[in-house]
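Work through the exercises below with the sequence and coordinates open. Each one sets a task and then solves it step by step.

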Amino acid sequence: MDDNGKSQRNSLQGPEYMRLMRKRTKQAGVTILDHSPALELLVDENGAVAGASGVRRQKHDRWTVRARAVVIATGGCAFLSKTLGSNVLTGDGYLMAAEAGAEFSSMEFSNPYAISAAFGSVTKTLFYGWATFTHEDGSVVPGAASKGGRSAIARALTQGPVYARLDKADGDVQRQMRVSQPNFFLPFDRTGIDPFADRFPVTLRLEGTVRGTGGLRIVDDSCATTVAGLYAAGDAATRELICGGFTGGGSHNAAWAMSSGTFAGQGAADYARHAGPARGRRLSSAGIVALRQRAERPFEPAELAKAVQDEVFPYELNYFREAGRLGGSLERLDARWTEVSQADAAAADDVFRARESASMLATARWMYRSGLARQESRGMHRRDDFPDQDERQRHYITSGGLDEVWTAVRPHAEAVYAEAAE
Amino acid sequence: MIEVIDAQRCTSCDICVNVCPTNVFDKTDGVPVIARQNDCQTCFLCELYCPEDALFVSPFADIPQNVDLETLRQKALLGSYRRAVGWTEETKDRRDIDRSYLLFGH
């Protein structure tokens, strides 16, 4: 709103947006602990969530907050793929929530890939709508497009390098691109590439559940999860409620972050008001993996993260899914989980990385079990062995579990209403 | 990834240490150090927040590069992103010229 009470609308760049949100949050009286990732939830005698604890990386100590309700807002999981700004999104909140007993939904919708220059991190796929994609020899990649033809790029990348040139943008569009999204041009300006005139190699970086729609299952309008006292907001929560099996960029996800954050905050506050005093309860730590002494083998976070990436990055495993390949991945991932759950607690300096890699591992297992359970192609989930959409599978897939990962089918909301009406 | 902090420009304000989402820098008694370069996600935020244009993030996300500070200074690459986004006094009119919604037909 301007001074005259008239609403003003404009596009807002990411950094502006984050700075504004942080300012508003501080003005609201919130204490922000930077560089202080949560590691685990605290639960009371009844299993209700009653706080969280984590590390302060720059102070080299731990923090603990006792609370009557907790909102998980840790984002999705992009598996340290370096898709722009996403390496802080490793599914940590999923693991914490799962240890407290939370369920997930739509985890099969977890395989969008974004286009970037092969060497770079700036995954701004929309501008590639003005691109022509070519093979090494200069011939056009058939069917390749940013929208509706990204799978053709993925298939071509399994054969060899793919190049792009934004040759469909005229002078006017080029000028608008420059002022609208300056960071898109950083990789080009700093390497002497003219993206409108020169061919440059591109790649596809996995965005996982950051731009997928799977996440913690929400059971009501307050963004409550299936665990008492635990709420979910933003990309940590499933976005199936607003966009099913496919999503776009800032629009849906930013709108959902704002709205679900508001709902979850209100829901958590209402719950807290009725939950009685936070003091006097006997709390225990819900975290298990990398946090408990087991005197077996050491925990090696970097090695584990790489092993998970090897299962979720390849286009032939995750972009194009198929029962045999998903099954093979799951065997390897499950074996890793057995190893990890027997491993010793991670060293103090390593514990945050250990939890991160364990979260990636758990996420991959919910994703692929859900992917196996959805025997059709729908939204971003593609099955080579079930290439068509199947109307009989117009339902949700719930998943959960750590040592034993399970899936179950839930009817779509519309089907529930239809049944109730009969 | 982050390649260099220009010690001539740096005032040891430690803003980069505070804003880096992946905790790449460590404070010292003077100029901060790039302590964990491998953790850099090439998001360019440290450059954006540096009031002295003392930092340079190479666009290569996976492989460290050799950069020459003198060349960066001469080509005015230090601070180029901050100027483009409009986070400098001279370029602040650029902060509200994002017209992506027109470009994308919304």
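**Exercise 1. Domains of chain A**

Task: State which domains the assignment of chain A gives, and describe the contact between them.

Solution. The model is a predicted one. Step 1: the assignment splits chain A into domain 1 (33–111 + 209–414) and domain 2 (113–206). Domain 1 is thus written as two segments. Step 2: taken over C-alpha atoms, the centres of domain 1 and domain 2 of chain A are 31 Å apart. Step 3: to the contact, domain 1 of chain A brings 13 residues and domain 2 of chain A brings twelve residues. Step 4: on the side of domain 1 of chain A that touches domain 2 of chain A, helix H10 (residues 315–319) of chain A gives the most, four residues. By class, that side of domain 1 has seven nonpolar, four polar and two charged residues.

**Exercise 2. The largest nonpolar core**

Task: Locate the largest nonpolar core with respect to the domains of chain A, and list the contacts of Ala232(A).

Solution. Step 1: the core holds 124 residues, and those touching the most other members are Ala97(A), Ala100(A), Leu216(A), Tyr231(A), Ala232(A) and Leu361(A). Step 2: helix H12 (residues 351–373) of chain A provides the largest share of this core, eleven residues. Step 3: both domain 1 (33–111 + 209–414) and domain 2 (113–206) of chain A give residues to the core, so it lies between them. Step 4: leaving out residues up to four places away in sequence, Ala232(A) touches Ile72(A), Gly215(A), Leu216(A), Ile218(A), Cys223(A), Thr225(A), Ala237(A) and Ala264(A).

**Exercise 3. Two open sheets**

Task: Give the strand order of two four-stranded sheets in chain A and identify their edges.

Solution. Step 1: one open sheet has four strands in the order S3-S2-S1-S12 (chain A), with antiparallel pairing. Its edge strands are strand S3 (61–66) and strand S12 (284–285) of chain A, each of which pairs on one side only. Step 2: strand S1 (residues 38–43) of chain A is joined to S12(A) by two bridges in the antiparallel sense. The bridge partner of Leu42(A) in S12(A) is Ser285(A).

Step 3: another open sheet, also of four strands with antiparallel pairing, runs S10-S5-S13-S14 (chain A). Strand S10 (215–216) and strand S14 (406–411) of chain A each have a single partner strand, so one side of each has no neighbour in the sheet. Step 4: strand S5 (residues 104–105) of chain A and S10(A) pair over two bridges, again antiparallel. Here Ser105(A) has Gly215(A) as its bridge partner in S10(A). Gly215(A) is also among the residues that Ala232(A) touches.

**Exercise 4. The contact with chain B**

Task: Describe the side of chain A that touches chain B.

Solution. Step 1: the contact involves 31 residues of chain A and 28 residues of chain B. Step 2: helix H1 (14–27), helix H4 (171–180) and helix H5 (186–189) of chain A each supply at least two residues to this side of chain A. H4(A) has the largest share, with five residues. Step 3: sorted by class, this side of chain A consists of twelve nonpolar, 14 polar and five charged residues.

**Exercise 5. Chain A as a whole**

Task: Decide how the compactness of chain A compares with that of a globular protein of its length.

Solution. Step 1: chain A has 13 helices and 14 strands. Step 2: its radius of gyration is 22 Å, close to the 22 Å from the globule rule for 422 residues, so chain A is as compact as a globular protein of that length. Step 3: of the 422 residues of chain A, 45% count as buried.

Terms used
Residues numbered from 1 in each chain as written. Chains lettered and ligands numbered in written order. Predicted model: local features only at pLDDT ≥ 70, side-chain atom pairs only at ≥ 80, totals over all residues. Core = buried A, V, L, I, M, F, W, Y, C linked by C-beta atoms within 7 Å. Buried ≥ 20, exposed ≤ 12 C-beta atoms within 10 Å, placed from the backbone. Domains from an automatic or database assignment. Contact = placed C-beta atoms within 7 Å. Pairing = 2+ DSSP bridges. Nonpolar A, V, L, I, M, F, W, Y, C, P; charged D, E, K, R; others polar. Rg over C-alpha atoms; globule rule 2.2 N^0.38 Å.
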